[in-house]
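I opened the notebook to look at how the inside of this chain is packed. My topics are the cores, the cavities and the aromatic rings.

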Amino acid sequence: MAEDVQHQQKSSFNGLSKSAKAGASKKLVIKNFKDRPKLTDSYTEDTWLKLRDAVSAIQNSTSIQYNLEELYQAVENLCSYKVSPMLYKQLRQVCEEHVQAQIHQFREESLDSLSFLKRMNRCWQDHCRQTIMIRSIFLFLDRTYVLQNSLLPSIWDTGLELFRTHIVSDAAVQSRTVQGILEQVERERSGETVDRSLLRSLLGMLSDLQVYKDSFEQRFLSETTRLYAAEGQRLMQERDVPEYLHHVARRLEEENDRVISYLDQSTQKPLIATVEKQLLGEHMTTILQKGLRTLLDENRVCELTLLYELFSKVKGGLTALLQSWREYIKSVGAETVCSPERDREMVQELLDFKDQMDSVTQSCFQRNESFINAMKEAFENFINQRPNKPAELIAKYVDSKLRAGNKEATEEELERILDKIMIIFRFIHGKDVFEAFYKKDLAKRLLVGKSASVDAEKSMLSKLKHECGAAFTSKLEGMFKDMELSKDIMIQFKQYMQNQTEPSNIELTVNILTMGYWPSYTPMDVHLPAEMVKLQEVFKLFYLGKHSGRKLQWQPTLGHAVLKTEFKEGKKELQVSLFQTLVLLMFNESDECSVEEIRVATGIEEGELKRTLQSLACGKARVLNKTPRGKEVED
């Protein structure tokens, strides 16, 4: 047991300031005197009295009457005469009596808290200085007799033990000391300036005396819990979440600074854990419910980063944040996807939302894999809450970007948009719905020659193939092959027409489509002008002459034409569908026609006819006048 005490006391010496250590380890020169005085009771008594006077002078801060070297030699002489046990015992007794006498100065009730602390600190500093001085005189005793007796504490450790036993272990003194320190800390936490060097010295004393943990740390942590529990409750009601997060960060910084300035290093971990628990752990749900949506809606990067950093310190913090993050994405996404009135902007909003969430995971959540996966799960969840519609709208969005005339300036920008689209596309379960709409729009772009870029088209096809496999894109690739084969056939047909005896004044272009590749179109019989029918028959004869056994089925719904027209303002060329062509050609024969007359003459189905007439008479560029005016075409 005594060995343990001694070991602890030796390690406590290591906690002293550098100046104290330097003094404690100072060596005196040992001279070898040949002529030693003879040992007599009288000599021993006189020598001890001389040494005791020197010790008393040191303790009372008065001048020492004897030369230090002489005193050191006296100790060496006594030790040589084997009276070390007596010398050690008497020295301890003198020191103990002096320390016991110091307790009275701390009994004054009239002393205020700060004055009490200053007096305690002065007493401690004096005691350390005196012990170092006494040890330097009795260094020979310390390094011979004490060193050889492992059960005996060194002179320095004896000094610590006496101060601990008679001063600091006194219940009233310890209570006032600790209470005073706690009051100073609380004042500093309230924003007041305190004497940090005083606190550092006193807490160093408690640490050196090995009562820091039991006497101070437990009460300090208890007070810290009480303070921050109350502060957390109050500020959660008074402040908004961004302000509260910055307050917590500032508090943690302050407490870490306290550890550096005057608290023992061992206090850091439990102290910071206490602050984090009271200001964060107890309020995680409230912080997330009250503030996460606002932070994400407003894209508060700084506060989101801080939120992640703070929650990562608290047990269960990141799990709670992850769950709320997932729910937020589902909620915002569902609002976008499940609101038909937002269909027009849905895809662009989803792309922007995905960009924003990606940015948050990159900039604020340290690219945490769990958060990235949670985001993917959430997107997949909400985008499939409304079956088929997102797939259709994504296909139409791609069409708007790949169609000629779209405002995306460069191919690089277009490629970047297609990459983003593919990320959203991955989340969709109904990929067959996307394929159906995509195929229909692609057919229109190819047949009407409205594709912005063949390279962009093929790039998109490559992305779909990579994502969904070759089976998914085989028909789409077949459509491109048909278009290329049709170009070759038309070159041959033009050469064929040049050899005809009756050349036509209409230039015909035909696309030969393999029925299985293209969307299915409802056959519609319309009444074509005789010269068109004649040209169709010429082509049929040419084509079947080269490919016997094949069957051609004309699709008037996909046809288009360029008409030369004369208005009062001058000549124009109109790019129109085949149905529009049939309607407009009627006005070569008469200035006005009824809806019924047009229907009978053209053979166009009623619904299709009304749409065709609306496009000619009710659009921005009105080619025909209608009576009465209006947006609807009546019978």
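The entries below follow that order.

**Entry 1: cores.** I am working with a predicted model. I looked up the largest nonpolar core first. It has 149 residues, and F138 and W325 touch the most other members. I then asked which helix gives this core its largest share. It is α6, residues 113–137, with 9 residues. A second core, separate from this one, has 18 residues; M524, V576, L582 and L616 are among them.

I went back to F138 and listed its contacts, leaving out neighbours within four places in sequence. The list reads W48, L51, V55, V75, L87, L91 and I155.

**Entry 2: the largest cavity.** I searched for enclosed space. I found 3 cavities of 30 Å³ or more. The largest cavity holds about 140 Å³. Its lining counts 15 residues, and C95, I155, T158, G159 and L162 are the closest to the centre. I155 also appears among the contacts of F138.

Which helices supply at least two residues each to this lining? I noted α5 (84–102), α6 and α8 (155–168). The largest share is from α5, which gives 6 residues. I sorted the lining of the largest cavity by class: 7 residues are nonpolar, 7 polar and 1 charged.

**Entry 3: the second largest cavity.** I put its volume at about 60 Å³. I wrote down the lining of the second largest cavity: L182, V185, E186, R189, F220, E223, T224, R226 and L227. Two elements, α9 (171–189) and α11 (212–238), give two or more residues to it. The largest share, 5 residues, belongs to α11. By class, this lining has 4 nonpolar residues, 1 polar and 4 charged.

**Entry 4: aromatic rings.** My search of the whole structure gave 24 aromatic pairs. I picked out F106 and F116. Their ring centres are 5.6 Å apart with 65 degrees between the planes, an edge-to-face pair. F106 sits in the loop between α5 and α6, while F116 is in helix α6, so the pair ties together parts 10 residues apart in sequence. Are F106 and F116 buried or exposed? Both are buried.

I turned next to F539 and F542. Their ring centres lie 5.9 Å apart and the planes meet at 50 degrees, so I logged the pair as tilted. F539 and F542 are 3 residues apart in helix α24 (residues 530–546), about one helical turn. Both of these residues are buried as well. I also found F539 and F542 in one aromatic cluster with F493, Y496, Y543 and W554.

Technical notes. Residues numbered from 1 in each chain as written. Predicted model: local features only at pLDDT ≥ 70, side-chain atom pairs only at ≥ 80, totals over all residues. Heavy atoms only, no water. Core = buried A, V, L, I, M, F, W, Y, C linked by side-chain atoms within 4.5 Å. Buried < 20%, exposed > 50% of the residue type's maximum accessible area, 1.4 Å probe, protein only. Helix = DSSP H or I, 4+ residues; strand = E, 2+ residues; numbered from the N terminus. Contact = heavy atoms within 4.5 Å. 1 Å grid on protein atoms, 1.4 Å probe; cavity = no way out; pocket = protein on both sides within 12 Å on 5 of 7 lines; lining within 4 Å. Points joined across faces, edges and corners; volume = space filled by probe spheres on them. Nonpolar A, V, L, I, M, F, W, Y, C, P; charged D, E, K, R; others polar. Phe/Tyr/Trp six-rings, centres within 6.5 Å; stacked < 30°, edge-to-face > 60°.
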